[in-house]
Amino acid sequence: VLLAPAVARQFISPIIGGLNGRDVFKGISPLKDKLGKQAFSKTLSISDQPHLDYAPGSAAFDNVGLPTKPVTLIDQGIIQMFLYDYDSAFLAGAEPTAHSGCAPYNARISPGTCTSDNMLKSMKKGIYIQSLLGFGQSNLGNGDFSCNIAVGYLVENGEISGRIKNAMMAGNIFQLCANEMHISSDLEANFQTPHILFPEMNITSKS
């Protein structure tokens, strides 16, 4: 299954949410015991870039005046840090990371080595998904999702052969991203998000 950048961004959002230091302190983050451990595929690296020009999330300081800096959140699947604002750091006995609301400013997925075009050409049979319906209604806090495919295309022998309808997808994002996944080298312009290819995913037809 090949995910377009907009869908890839939705899939990564629960992982970003799992780095929230306040949720880690409360014990409700699925990643609470994963600091410094191999939690995801080695192809997944994510950084936070708070000083990007023209990016709406950019900030030189957090909400209490602490200076922000670029940081690596996940390096080759290993969780490098949790995100703490001043208040949550005090509660958790941790150092504040200057992240207002315990959230990144501009999270960026590191690109891979294969273009999205070559990813599609490598698919003997699969689905290229461009948008989902009802994804936000899933239990994303635990990484579980079950939603309809709004716009998707059947791929056969590396070429799009038609539109798919009345199909849905389900699974757990943390488990999917812990297994084999591939990230494209090309990024879409607005959020610099790559395509993501999963060799396997649960897709069912409603017809």
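Guide: Partly exposed means a relative accessible area between the buried limit, under 20%, and the exposed limit, over 50%. The model here is predicted. In it, Phe 25 has a relative accessible area of 45%, so Phe 25 is partly exposed.

Visitor: Where in the fold is Phe 25?

Guide: Phe 25 belongs to helix α2, which covers residues 21-26.

Visitor: Which residues form a nonpolar patch on the surface with Phe 25?

Guide: Phe 90 and Leu 91 do. Together, the three have about 350 Å² of accessible area.

Visitor: Next, Thr 68. Is Thr 68 buried or exposed?

Guide: Thr 68 is buried, because its relative accessibility is 7% and the limit for buried is under 20%. As for its place, Thr 68 sits in a loop, the one that links β2 (46-48) to β3 (71-75).

Visitor: What lies 2.5 Å from a polar atom of the Thr 68 side chain?

Guide: The backbone oxygen of Ala 59. A pair of N or O atoms has to be within 3.5 Å to be a polar contact.

Visitor: With which residues is Thr 68 in contact, leaving aside neighbours within four places in sequence?

Guide: Ala 59 is again on the list, along with Pro 50, His 51, Ala 60, Phe 61, Asp 62, Ala 98 and Tyr 105.

Visitor: How should the cysteines be read? How many disulfides does the structure hold?

Guide: The count is 0.

Visitor: Why is there no bond between Cys 147 and Cys 177?

Guide: A disulfide needs two cysteine sulfur atoms within 2.5 Å. The closest cysteine sulfur to that of Cys 147 is in Cys 177, 14 Å away, and therefore too far for a bond. Seen from the other end, Cys 177 is in no disulfide either, its nearest cysteine sulfur being that of Cys 147.

Visitor: Are these two cysteines buried or exposed?

Guide: Cys 147 has 3% relative accessibility and counts as buried. Cys 177 has 0% and also counts as buried.

Visitor: The last residue is Arg 108. Which strand holds Arg 108, and is Arg 108 buried or exposed?

Guide: Arg 108 lies in strand β5, residues 107-109. The relative accessible area of Arg 108 is 15%, so this arginine is buried.

Visitor: What does Arg 108 touch, not counting residues up to four places away in sequence?

Guide: Its partners are Ser 45, Ile 46, Ser 47, Gln 49, Leu 52, Phe 191 and Gln 192. Take Phe 191: along the chain, Arg 108 and Phe 191 are 83 residues apart, while their C-alpha atoms are separated by 7.8 Å.

Methods:
Residues numbered from 1 in each chain as written. Predicted model: local features only at pLDDT ≥ 70, side-chain atom pairs only at ≥ 80, totals over all residues. Heavy atoms only, no water. Helix = DSSP H or I, 4+ residues; strand = E, 2+ residues; numbered from the N terminus. Buried < 20%, exposed > 50% of the residue type's maximum accessible area, 1.4 Å probe, protein only. Polar contact = N/O pair within 3.5 Å; in protein donor to acceptor, adjacent residues only side chain to side chain. Contact = heavy atoms within 4.5 Å. Patch = residues over 30% accessible without salt bridge, like charges linked within 9 Å, V, L, I, M, F, W, Y side chains within 5 Å. Areas by Shrake-Rupley, 256 points an atom, 1.4 Å probe, with all protein chains shown as cover. Salt bridge = Lys/Arg side-chain N within 4 Å of Asp/Glu carboxyl O.
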